[in-house]
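Welcome! Here are some short exercises to help you find your way around. Try each one yourself before reading its solution.

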Amino acid sequence: MHKSIRRALIAAPASAAVCLGLAFTIGAGTSSAATNNVSERYAQGSMSYNSATDTVTVKDLKADGRTFAVSLFGPASDNVRVCKVGGKGHSKTCDFNFNSGRLNVLVFTERGNQHWDIDKFHMDA
């Protein structure tokens, strides 16, 4: 798994030496990757993304005969990845190995060859 490390530096007005020392202090000891967890809930289902493990969990919340699904694609993914589940109350966790970068997410339901988009957004892997 390739993860990006994000750091924010907020320096109070001070001398350049103090700011430089603060920058080195903040940068030290931050070897773990920043988490970019995402959790979304809809009437039809919910999805969550755990950036530490690159897992996507989907849960079907409606007994409507449709599967609830998410499709992930973009620069951080080698190809289109789909995680879907059917049946009210059922959930599924899909284990992916994304590269660092942007992921486009399409949330949808489907039944047979019919497809209904619910939401579109992007997130960082």
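Two residues count as in contact when their heavy atoms lie within 4.5 Å. Keep in mind that this model is predicted.

**Exercise 1.** List what Met47 touches beyond its close sequence neighbours.

*Solution.* Start by setting aside residues up to four places away in sequence. What remains is Val38, Ser39, Glu40, Val56, Thr57, Val58, Phe68, Val70, Val105 and Phe121.

**Exercise 2.** Find the residues with the most contacts inside the largest nonpolar core, and the strands that supply it.

*Solution.* The largest nonpolar core holds 21 residues, and Met47, Val56, Val70 and Leu72 have the most contacts inside it. Next, look at the strands: strand 2 (45-50), strand 3 (55-60), strand 4 (67-73), strand 5 (81-86), strand 7 and strand 8 (114-124) each give at least two residues to this core. As a general background, nonpolar side chains tend to be buried together in soluble globular proteins.

**Exercise 3.** Is Leu103 buried or exposed? Describe its surroundings too.

*Solution.* First, locate Leu103 in strand 7 (residues 102-111). Its relative accessibility is 0%, and buried means under 20%, so Leu103 counts as buried. Then, beyond four places in sequence, Leu103 contacts Leu72, Phe73, Ala76, Ser77, Phe98, Phe121, His122, Met123 and Ala125. Take Ser77 from that list: Leu103 and Ser77 are 26 residues apart in sequence, with 7.1 Å between their C-alpha atoms.

**Exercise 4.** How many helices and strands does the chain have, and in what pattern?

*Solution.* Count 1 helix and 8 strands. Along the sequence they read α-β-β-β-β-β-β-β-β.

Technical notes. Residues are numbered from 1 along each chain as its sequence is written. This is a predicted model: local features need pLDDT of at least 70, side-chain atom pairs count only at pLDDT 80 or more; totals for chains, interfaces and linings use all residues. Side-chain values use heavy atoms; hydrogens and water are left out. Helices (H or I, at least four residues) and strands (E, at least two) are DSSP runs, numbered from the N terminus. Buried means under 20% relative accessible area, exposed over 50%, partly exposed in between (1.4 Å probe, protein chains only). A nonpolar core is a set of buried Ala, Val, Leu, Ile, Met, Phe, Trp, Tyr and Cys residues joined through side-chain atoms within 4.5 Å.
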